[in-house]
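Colleague: Got a minute to go through this one with me? I'd like to talk about bridges, sulfurs and cores.

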Amino acid sequence: MPILQCHNGHTLCSSCKARVLNKCPGCRQQLGNIRCLALEKMAKSLELHCKYEEFGCPEIIPYHTKLMHEDSCNFRPYSCPWYGCPCSAVGDIPLLVSHLTDYHKAVMFNSCNFKHGFLIGDLYKNPGRRWIVIIINCFDKHFCLHAEAFLIGSTPVYMAFLSLIGNHAEAGNYSYSLQIGGNGRKLTFEGVPQSIRESERRSLESADSLIVPGGMVHSLGGETREPKLEITSRIWKTQCG
């Protein structure tokens, strides 16, 4: 990481330059791109703890690779995956699971196979989002089944996908199937869970989810205002993790 200095010799790291609006915090002079090579050479010999040490990261990292490590550190806290409303909660996995069940009242299943029935609202009359998250405790991991109803223009769309409360590498060790149906009909999807570090928009844009147009949902659930659907999920290991 470059270390910069102003014309009066005050120094700061390059990542702080934007934070101080390109003005030296010592003398308020404009900062250029003058590098302090002596301090940079000294910094190369420094080794620092990861800033996520409190979450369990044991790494001691050379100064010049610290930011790169922290950007992808497996111990960095997770953000709340309840995409249906703004939520600023962050923390490790146990904290996040407790937050989802206690604050968002998410239902938890302790099985790798489960069925759950739910009602989907009439989006023609309610243009807002509807969202549910179900936590699945399986293989000593916590997965989230997300089911969402929303509008694209005036067309209702229903989406369901699975994510792992864990990192991307761990998620790749598993596969899952989703089956949604009712009224004697069903649709099935198989895929690989994503990490909750990835956004739900990615699932929609990549089509890596079970996506059902609104008209088909009404066909699956029956001709009622609140069609009842049953969603079935199965999770299995594809690699030793």
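Modeller: Sure, one definition up front: a salt bridge is a side-chain nitrogen of Lys or Arg within 4 Å of a carboxyl oxygen of Asp or Glu. Keep in mind that this is a predicted model, where local features need pLDDT of at least 70 and side-chain atom pairs count only at pLDDT 80 or more, while totals for chains, interfaces and linings use all residues. Residues are numbered from 1 along each chain as its sequence is written, and side-chain values use heavy atoms, with hydrogens and water left out.

Colleague: What is the N to O distance in the salt bridge of Lys66 and Glu70?

Modeller: Both residues sit in helix α3, residues 66–72, four apart, or about one helical turn. Helices here are DSSP runs (H or I, at least four residues), strands likewise (E, at least two), numbered from the N terminus. Lys66 and Glu70 are both buried, meaning under 20% relative accessible area, with exposed being over 50% and partly exposed in between (1.4 Å probe, protein chains only). Their N to O distance is 2.5 Å.

Colleague: Is Glu40, the salt-bridge partner of Arg35, buried or exposed?

Modeller: The closest N and O atoms of Arg35 and Glu40 are 2.7 Å apart. Arg35 has 46% relative accessibility and counts as partly exposed. Glu40, at 11%, counts as buried.

Colleague: How many residues apart in sequence are the parts that Glu170 and Lys141 tie together?

Modeller: This salt bridge has its closest N and O atoms 2.9 Å apart. Glu170 is partly exposed at 25% relative accessibility, and Lys141 is partly exposed at 24%. Glu170 lies in helix α5 (residues 168–171) and Lys141 in strand β10, so the parts they tie together are apart in sequence by 29 residues.

Colleague: On to sulfur. Which two cysteines form a disulfide?

Modeller: The rule is a pair of cysteine sulfur atoms within 2.5 Å, and a search of the whole structure finds one such disulfide. The sulfurs of that pair are 1.9 Å apart. The partners are Cys112 and Cys138.

Colleague: What is the torsion about the S-S bond of Cys112 and Cys138?

Modeller: Cys112 lies in the loop between β7 (107–109) and β8 (113–119) and Cys138 in strand β9, so the disulfide links parts 26 residues apart in sequence. Cys112 is buried at 18% relative accessible area, as is Cys138 at 1%. The disulfide is right-handed, because the torsion is about 100°.

Colleague: Why is Cys6 not bonded to Cys24?

Modeller: Cys6 counts as buried, at 3% relative accessibility. The closest cysteine sulfur to that of Cys6 is in Cys24, and the separation is too far for a bond: 3.8 Å.

Colleague: Which element gives the largest share of the largest nonpolar core?

Modeller: A nonpolar core is a set of buried Ala, Val, Leu, Ile, Met, Phe, Trp, Tyr and Cys residues joined through side-chain atoms within 4.5 Å. The largest one has 27 residues, and Ile136, Phe143 and Ile235 are among those touching the most other members. Elements giving two or more residues include β9 (130–138), β10 (141–152) and β16 (228–237). The largest share, seven residues, comes from β11.

Colleague: Which cysteines does Ile235 touch?

Modeller: Contact means heavy atoms within 4.5 Å, and residues up to four places away in sequence aren't counted. On that basis the contacts of Ile235 include Ile136, Phe143 and Leu162. The cysteines it touches are Cys112 and Cys138.
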